[in-house]
Every structure is written in structure tokens, then in C-alpha cells.
Amino acid sequence: MTTAATALALSVSAQAAFAECNEGEVVAKFSHVTNTDRHPKGIAASLLMERVNAEMDGSMCMEVYPQSSLYNDDQVLEAMLQGDVQLAAPSLSKFENFTKVFQIFDLPFMFEDIDAVDAFQNSADGQAMLDSMARRGLQGLAFWHNGMKQMSANVPLEVPTDANGLKFRVQASDVLIAQMEAMGASPQPMAFSEVYGALQTGVVDGQENTWSNIYGQKFFEVQDGITETNHGIIDYLVVTSVDWLDSLDPAVREQFLKIVGEVTATRNAESTAVNEEAKQAIIEAGGTIRQLTPEQRLAWVDAMRPVWDQFAPGIGAEMIEAAQGYSN
Ligand code: LMR
């Protein structure tokens with residue numbers, strides 16, 4: 001092993017327990033960026049690994065690399081096309097270089113809760129999105145839920161004008177950049193693994209994320225507080241390469257996809273509860289959480305909703321109407 005490979009193996013073994021892969025087994029490396037406990041994606045990825053390694057022993061062997069220990073989301077899709085990694089679950093905001101169909105999920109106040117997201121994803125429109133990047137070599141296997149996004153900053157955020165002039169980290173998404181600009185803030189696209197340090201050193205003033213990410217990355221420790229805005233969502237696409245999926249023996253592929261489907265159903269049903277636990281853990285750890293009055297909430301909606309007009313022509317009015325049909 002090279003020194004770099006040894007260092008990687010050591011840092012990874014501190015975070016993930018791998019089964020020994022045997023001769024003849026297809027190795028499936030799953031790279032993701034979050035923590036593994038009290039996190040919907042972290043728990044789902046670990047469960048997928050456990051089940052594949054227990055039930056597909058002899059044919060497939062899975063290794064999960066959490067916390068950006070192998071790739072961050074800016075690198076992972078190219079690495080997948082090169083065959084260096086087989087599975088990932090980036091948020092739907094991270095696919096803009098490959099397809100614009102997921103932009104609908106970034107529109108602020110589009111979905112009232114994760115049940116509405118789930119229903120839309122399970123519709124014919126949502127399921128068709130799994131295949132939207134096939135000609136670019138990527139195949140969506142399932143949607144995994146995280147939860148609703150909240151806003152945090154190094155000053156109290158009660159109305160959108162409180163964000164005027166502040167720098168906010170965003171995922172690399174044109175919709176999220178426009179959303180922060182609509183609030184009079186300065187959007188700063190940045191990899192997830194860099195956010196804690198950027199908040200701590202004042203490179204950025206604030207960020208938006210789910211309770212599980214705010215807890216898992218300890219953002220609450222370096223922010224004034226978190227405002228419960230529920231203004232958007234973070235959800236994931238479990239993705240692989242068309243080439244890898246095609247290369248599997250049909251029986252192996254069928255068994256693998258069946259396990260993916262079952263893990264998806266089991267863990268998606270728990271995602272809201274996992275975020276609620278993370279929220280409680282933030283409170284127990286001394287984090288400040290602010291609630292909005294109905295009037296304050298309306299001010300956030302009024303500030304952000306104009307973003308829809310900018311992206312509606314590309315997304316399509318019928319698609320937006322269909323997605324809205326799942327919220328009251
Ligand atoms: C982020 O970059 O904030 C999220 O997409 C990270 C994640 O995977 O939840």
C-alpha cells in the first residue's frame with residue numbers, strides 16, 4: 001500500500017466496519033458525505049451494506065465510506081463514471097451538471113413535508129426522473145429522504161431582511177443561489193465537508209440544512225441559532241453507473257435491486273423521526289432553536305417564492321402543478 005492509501009484505509013477503518021471481500025465477489029464501494037448515526041442517509045447506507053454483505057455473501061461485497069472520506073459530492077459522479085466508486089447518494093441539488101429535472105426539489109416552499117415529497121417521487125413523473133441521466137451514464141435507483149431545511153446564522157434570523165448582506169453557504173445549485181439572492185444574502189457554494197470550518201472562521205455567516213445535518217456536522221455549535229423555517233428539502237438520489245449495473249449478472253442485479261428497494265422503504269418511513277431526534281439532540285446540547293410566528297413565516301414565503309418564476313419555464317408549469325398537488 002502507498003502511504004496515501006494507508007492513511008485513507010486508517011481514516012476509513014475508524015468510521016466504517018468492512019466485511020472482508022472475497023475472491024470472486026463484485027465489490028460495491030458506496031461513498032457519501034454525512035455521519036452514520038442519527039442521520040437518515042448514514043443509517044440507510046449502513047443498513048444497505050449490512051444486508052448486501054449478509055444476504056449476497058459470495059456474489060457481492062459492499063464497503064461504505066461516510067463523511068466525505070473517499071469523495072465529496074463535487075467529485076463522486078465523475079469518479080463513478082470512471083469506475084472508481086459504484087454507489088453514492090448525493091442530494092438532488094447536486095446533479096445540475098447532468099440534468100435539470102431535479103431543480104423542482106430545490107424550489108423554496110414547494111413541498112409542505114416529506115410525505116408530499118414521497119408521494120410526488122412515487123408518481124409516474126417522479127419515477128421517470130430516475131432514468132433522466134441514463135444517456136450520461138448514470139442510473140438512479142431510488143430516492144432516499146432526509147428532511148426539511150432550516151436556516152441558521154451568526155445573528156438571530158426572524159424575518160428574511162435579517163439575512164441582508166450575510167454570506168450563506170449553499171450547495172452548488174442555481175436555484176439555491178437564486179433563493180439566497182432573493183433574501184438579499186450572498187450565496188457561497190461550498191462542499192459539505194468545509195461548512196463547519198467556514199462557519200467557525202467567519203468565511204460564511206450562515207447556512208441552510210436539515211436537523212440531522214446541523215446536528216451531525218455540529219453547525220449549531222458555531223451559529224447564533226437555528227430558525228425553524230422548513231422552507232425547503234434535502235432528499236437524495238441513490239445513483240450508480242449504467243455500465244456497472246449492466247455488468248452485473250442478472251440474478252445478482254435482481255437481488256441487489258430488491259434489497260435497495262426494501263432498505264429504501266424501511267428507512268424512508270423513519271426519516272422524519274430521525275430528524276426529530278437530531279433536533280432534540282441539538283436542544284439537549286444547548287443549541288438555540290427559534291420558531292416563526294405565522295406573520296414571520298409569511299414574510300419568508302414572500303421573499304423566496306419569486307424564485308419560482310425564474311425557474312418555472314425550464315421545469316415546466318405542469319410539473320410544478322403536479323408536485324404541488326401533494327401539498328395542502
Ligand atoms: C449538503 O451539501 O448540505 C448536503 O447535500 C449534504 C448531505 O448529503 O446531506
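Ala, Val, Leu, Ile, Met, Phe, Trp, Tyr, Cys and Pro are counted here as nonpolar, Asp, Glu, Lys and Arg as charged, and the others, Gly among them, as polar. On this basis the surroundings of the ligand in the model, which is a predicted one, can be described by class: the shell has 3 nonpolar and 6 polar residues, and no charged residues. The residues that make up these surroundings are V33, T34, S91, N146, Q171, F192, N209, N213 and I234.

The protein as a whole has 14 helices and 9 strands. Its radius of gyration is 20 Å, close to the 20 Å that the globule rule gives for 328 residues, and the protein is therefore as compact as a globular protein of that length. Along the principal axes, the C-alpha trace spans about 60 × 45 × 30 Å.

Two pairs of helices were examined for their packing. In one pair, helix α6, formed by residues 174-182, packs against helix α13, formed by residues 307-315, at an angle of about 155 degrees, and the two axes are 9 Å apart. Because angles over 145 degrees count as roughly antiparallel, α6 and α13 are therefore described as roughly antiparallel to each other. The crossing of these helices, α6 and α13, is right-handed. On the α6 side the contact is made by V175, A178, Q179 and A182, which meet V307, Q310 and F311 in α13. Sorted by class, this contact of α6 with α13 has 5 nonpolar and 2 polar residues, with no charged residues.

In the other pair, helix α2 (residues 40-55) and helix α10 (residues 250-268) pack at an angle of about 145 degrees, with their axes 10 Å apart. The crossing of α2 and α10 is right-handed. From α2, the residues P40, I43, A44, L47, L48, R51, V52 and E55 meet F256, I259, V260, V263 and R267 in α10. The contact of α2 with α10 has 10 nonpolar and 3 charged residues, and no polar residues.

Key. Residues numbered from 1 in each chain as written. Predicted model: local features only at pLDDT ≥ 70, side-chain atom pairs only at ≥ 80, totals over all residues. Near = placed C-beta within 6 Å. Axes fitted to C-alpha atoms, helices over the stretch in contact; angles between N-to-C directions. Helix = DSSP H or I, 4+ residues; strand = E, 2+ residues; numbered from the N terminus. Parallel < 35°, antiparallel > 145°, perpendicular 65-115°, else oblique. Left-handed = near helix turned anticlockwise from the far one by under 90°. Contact = placed C-beta atoms within 7 Å. Rg over C-alpha atoms; globule rule 2.2 N^0.38 Å.
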